[in-house]
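User: Could you walk me through reading a few features of a protein model? I would like the general idea, then the case at hand.

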Amino acid sequence: MDESSYSYKITGGVPLKGDINISGSKNAVLGILAAAMMIDGTCTLENVPDIADVRVMIEICQSLGAKFEVNESSEDTLTVFIDPRDINTYEATGPGVSRIRASYYLLGALLSRCGKATLRMPGGCDFGQRPIDLHLKAFKLMGAKGADPRKVNGGVITLNAAPLHGAKVFLDIVSVGATINIMLAATKAQGQTIIVNAAKEPHIVDVANFLNSMGARIKGAGTDTIRITGVSELPGNFTYSIIPDQIEAGTYMVAAATTGGDVTIHNVIPTHMDPLSSKMREMGYTIDEGDDYIRVYKDPEEEIWGTNFKTAPYPGFPTDLQPQTVVLLCLSKGLSKMDEDVWENRYQYIPELSKMGADINIFDHIALVNGIDCFYGAEVRATDLRAGAAMVCAALAAEGTTYISDAYRIDRGYQKIVEKLRALGAQIEVVEDTSSFVDSEA
Ligand code: EPZ
């Protein structure tokens with residue numbers, strides 16, 4: 001079936017039970033694939049999630065001339081051998097570039113490798129303008145020519161390194177993408193670059209660790225201030241394993257809770273889940289933790305009460321778990337509040353959730369959620385990746401059957417979600433698209 005022609009059919013009401021393995025982090029591996037384009041040798045990535053965005057990013061890198069060998073590993077993940085030495089262009093302008101947001105990492109990577117970069121403007125989930133001005137301002141401070149947001153001609157931007165030199169960059173907004181892109185550009189710049197007010201997400205640390213494995217000199221990743229000392233060679237020739245996906249893990253924690261189930265989620269880093277675990281305990285769920293697993297269940301005597309959430313850069317509550325958590329709040333007693341403070345328009349899924357019985361009022365970036373007894377099955381749409389995941393969580397808990405169209409958006413960031421949920425007892429299958437919508441995505 002082609003991209004927009006299938007839906008998920010879910011018959012809800014089954015408590016999820018059992019064990020599940022989390023795959024590698026989407027938002028780490030996309031930055032790491034771009035970073036690998038800078039290597040003067042080769043590398044092997046392990047624990048790579050087999051998701052659509054990874055396949056698109058690999059295709060884009062192959063279009064530059066990089067060579068890939070992709071193998072299924074025994075742990076149901078991908079092992080990817082990368083040889084970027086035959087890269088023969090600095091232009092990333094093919095159609096795939098505008099299908100994902102992370103293609104913008106090729107600006108920093110190609111500036112470092114080729115001294116020049118031409119990029120078609122990136123795509124990604126549609127919940128706001130999603131500018132790249134912070135990236136371009138930083139590149140300009142580092143000496144790049146053409147780094148002017150006003151000079152994006154026909155959706156394509158060209159930067160010249162001239163060459164790049166170190167700079168002190170203050171990010172007035174904490175930005176994951178800008179933090180990673182500046183690390184990429186600074187890796188081979190002359191002198192030291194300092195990123196102040198840097199993003200601290202687990203995937204930032206993973207990209208920095210990968211860059212250091214390549215031969216880069218990066219200190220402070222995971223703190224507000226990151227220092228990068230430029231180097232001339234990136235020998236590579238190493239193997240690197242991607243960290244577990246914090247957002248996939250959080251999604252399954254919510255799915256276990258909304259269905260009243262008992263699920264142990266393996267191959268996680270429990271501290272990465274603290275922003276969610278602490279709030280779910282506050283609501284009345286039981287969250288047990290081991291070295292690399294989290295168990296989610298509920299004491300039958302315990303009532304689940306709503307609470308207030310506010311999204312923020314890590315270690316705050318992750319915006320990428322906002323839609324899924326609103327579903328959890330719908331099934332909690334009382335009035336709850338979600339304050340979406342990262343993206344200006346990340347409630348586009350609420351009308352879909354209302355078709356299933358949600359009682360939510362939006363006031364700008366605040367969602368006020370009245371607890372309901374249950375969701376009811378309906379025909380709904382995945383308006384973006386995490387919104388689609390939220391619809392899955394609601395459908396699993398709903399009375400009756402739900403059809404989620406544009407399900408391809410969910411597969412952008414969740415490896416084998418149908419198989420993983422079936423293994424926990426969910427009644428989910430892929431069917432031809434049921435929506436009567438014309439796909440309105442730009
Ligand atoms: C990354 O997007 C993630 N995507 C997003 O996850 C995630 O929601 C976001 O970080 C925040 O955690 C990938 O890693 C591929 P930002 P990114 O730059 O880098 C503003 C998912 O579901 N901003 O941290 O695009 C921006 O408008 C996806 O996996 C500027 O103003 O996010 C936003 O308000 C969805 N100018 C805020 O900063 C810029 O130049 C945070 O954006 C860049 C960003």
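Analyst: Happy to! Strands here are DSSP runs of at least two residues and helices are runs of at least four, numbered from the N terminus. Keep in mind that this is a predicted model.

User: With those labels, where does R101 lie?

Analyst: R101 sits in the loop between β6 (91–92) and α3 (105–114).

User: Which residues is R101 in contact with, beyond its neighbours within four places in sequence?

Analyst: Contact means heavy atoms within 4.5 Å. By that reading, R101 touches P122, G123, G124, R130, P131 and I132. Its side chain also reaches the backbone oxygen of P131, at 3.1 Å.

User: What is the nearest side chain of opposite charge to R101, and how far away is it?

Analyst: A salt bridge needs a side-chain nitrogen of Lys or Arg within 4 Å of a carboxyl oxygen of Asp or Glu. For R101 the nearest candidate is D133, 7.5 Å away. R101 is thus buried yet without a salt bridge.

User: Now the sheet: in what order do the four strands run?

Analyst: The order is β2-β14-β16-β15, in an open sheet with mixed pairing. Because β2 (17–21) and β15 (286–289) are at the edges with a single partner strand each, one side of each has no neighbour in the sheet. On average, neighbouring strands are turned by 15° against each other, direction ignored.

User: How do β2 and β14 pair?

Analyst: They pair in the parallel sense over five bridges, with β14 covering residues 262–266. One bridge to follow by eye joins K17 to D262 in β14.

User: And what does helix α8 lie across?

Analyst: Helix α8 (residues 274–283) lies across β15 and β16 (293–297), at about 140° to β15.

Conventions. Residues numbered from 1 in each chain as written. Predicted model: local features only at pLDDT ≥ 70, side-chain atom pairs only at ≥ 80, totals over all residues. Heavy atoms only, no water. Pairing = 2+ DSSP bridges. Axes fitted to C-alpha atoms, helices over the stretch in contact; angles between N-to-C directions. Buried < 20%, exposed > 50% of the residue type's maximum accessible area, 1.4 Å probe, protein only. Lys, Arg positive; Asp, Glu negative; His and termini not counted. Polar contact = N/O pair within 3.5 Å; in protein donor to acceptor, adjacent residues only side chain to side chain.
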